[in-house]
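Thank you for coming, everyone. Please take a moment to look at the sequence and the structure before I walk you through them, starting with the pockets and ending with the backbone.

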Amino acid sequence: MVATLELGNGGERHNGTVESELAVLRGWSWPYTVVHGAHDGPRTTVTAGIHGCEYVSIYAAMRLARELDPAEVMGQVVVVPVVNLPSYWERTAFVGPYDGKNLNRLFPGKSTGTFSEALAYFAFNTFILPNDAYIDLHGGDLVEDLAPFAGYLPGTDPAVEERSRAMADAFGLSYIISRFAGASAPTGLTFTAAAERGVASVLAEAGGCGQLTLDDVELLVAGTRRALTVAGNLAGDPTPPQPSRHLDQSEHVAAGCDGFWICDVQAGDHVSEGQELGRILGIAGELRDTVTAQRDGVITVRTTSAAVKKGGMLFSLGS
Ligand SMILES: [Zn+2]
């Protein structure tokens, strides 16, 4: 039930498509590119479009697929620009259109599950697991404003953790997050599931709000190239122009009630304990909740949508 990718010949770029035998995924075909190096080396996969509206990450992956030169690559670099094809075509933020589930909460997936659960299973076993290293590019969803960051999972096999952290450092984004905290902290992410299975893995995120911001694309393209030197697919120095600031945690702060969210801060803002960060109004315009910072920190991600539901993320506070 697991598809195998055609890798093409050494020294060539191979473009292919792959389909799944899982009944719920029939009719879909995933484009991918293998930049197959002339020299032996490790296999690394770069995915994007796990969230289908994160255009910065998708374009960064497209550029890497076309710009990496097989003559400079050792081993194989596999690029999958859009994993969540239904979310891409239907422009659904965070969740897939068929079952309302967030693909990046479902890894390593379930072969007998709903569309998104089966897609996680297919993507995990076809794209993510058969690798020495794995890079997942994200770009802030339609209603997300964020400070560029990389993430990795600590506490895995020490060699996997060290390589994952080195890839995160190589991206040179503003922040590195190694622990998501809070009641609505995410689980079942691509890179955490992969690292738990022994694949050195990193998440890199830049962009947001449905915009194709080319400076952010450049951040992800350049960062991925440096991460590929850590992975052993490219020669060169992985040191980024600016080092990232490591955060001990980033806490997802959830809405305490349904309503209309008025946020007073931007992604990247530093805030102080007790500072008012915004208000939630009822639909009649009445004040329902005032949201204050529980500690000093930096806003790593902010929900830009005014419409919020109880339990939905308002922002993530890094410290
Ligand atoms: Zn995402």
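**Pockets, sheets and cysteines**

The largest pocket has a volume of about 750 Å³, and I should say at once that what we are looking at is a predicted model. Thirty-two is the number to keep in mind for its surroundings, since 32 residues line the largest pocket, and Phe-94, Asn-102, Arg-105, Glu-144 and Met-313 are those that lie nearest its centre. Several elements give two or more residues to this lining, among them strand 6 (144–146), strand 10 (200–205) and strand 12 (250–254), while the largest share, three residues, comes from strand 17. If we sort the lining of the largest pocket by class, we find 14 nonpolar, 13 polar and five charged residues. Which domains contribute to this lining? At least three residues are drawn from each of domain 1 (12–247) and domain 2 (250–318).

Let us turn to the second largest pocket, which holds about 280 Å³ of space. It is lined by 13 residues, and the closest to its centre are Pro-31, Tyr-32, Thr-33, Met-62 and Pro-81. Strand 1 (12–18), strand 2 (30–36), helix 1 (55–67) and helix 2 (85–90) are the elements that each give two or more residues to the lining of this second pocket. By class, its lining has nine nonpolar, two polar and two charged residues.

Now for the strands, where I would ask you to follow strand 3 (residues 39–47) with your finger. Strand 3 pairs in the parallel sense with strand 4 (residues 74–80) over six bridges, and within that pairing His-39 stands opposite Met-74. Strand 3 also runs parallel to strand 5 (residues 133–138), to which four bridges join it, with Thr-44 having Ala-133 as its bridge partner there.

Elsewhere, four strands form an open sheet in the order 16-15-13-18, with antiparallel pairing. Strand 16 (287–292) and strand 18 (307–308) stand at the edges, each with a single partner strand, and therefore one side of each is left without a neighbour in the sheet. Strand 18 is joined to strand 13 (residues 259–263) by two bridges, and Phe-260 stands opposite Ala-307 in strand 18.

How many disulfides are there? The count comes to zero, and two of the cysteines can help us see the reasoning, if we remember that a disulfide needs two cysteine sulfur atoms within 2.5 Å. The sulfur of Cys-53 is 12 Å from the closest cysteine sulfur, that of Cys-209, which is too far for a bond. For Cys-257 the closest cysteine sulfur belongs to Cys-263, and at 14 Å this too is too far for a bond. Cys-53 is buried, with a relative accessible area of 0%, and Cys-257 is also buried, with 10%.

Cys-209 brings me to the backbone, where this residue has a positive phi of about 60° although it is not a glycine. Cys-209 is found in the loop between strand 10 and helix 6 (214–231), and at 29% relative accessibility it counts as partly exposed. Arg-91, again a residue other than glycine, has a positive phi near 55°; Arg-91 lies in the loop between helix 2 and helix 3 and is exposed, with a relative accessible area of 63%. Pro-108 is found in the loop between helix 2 and helix 3 (115–128), and the peptide bond from Phe-107 to Pro-108 is cis, with omega near 15°.

Terms used. Residues are numbered from 1 along each chain as its sequence is written. This is a predicted model: local features need pLDDT of at least 70, side-chain atom pairs count only at pLDDT 80 or more; totals for chains, interfaces and linings use all residues. Side-chain values use heavy atoms; hydrogens and water are left out. Two strands pair if DSSP finds at least two bridges between them. Buried means under 20% relative accessible area, exposed over 50%, partly exposed in between (1.4 Å probe, protein chains only). On a 1 Å grid over the protein atoms alone, a cavity is a set of points where a 1.4 Å probe fits but cannot get out, and a pocket is an open set with protein on both sides within 12 Å along at least five of seven lines; lining residues have an atom within 4 Å of a point. Grid points are joined across faces, edges and corners, and a volume is the space filled by probe spheres set on the points. Ala, Val, Leu, Ile, Met, Phe, Trp, Tyr, Cys and Pro count as nonpolar, Asp, Glu, Lys and Arg as charged, and the others, Gly among them, as polar. Domain bounds come from an automatic or database domain assignment.
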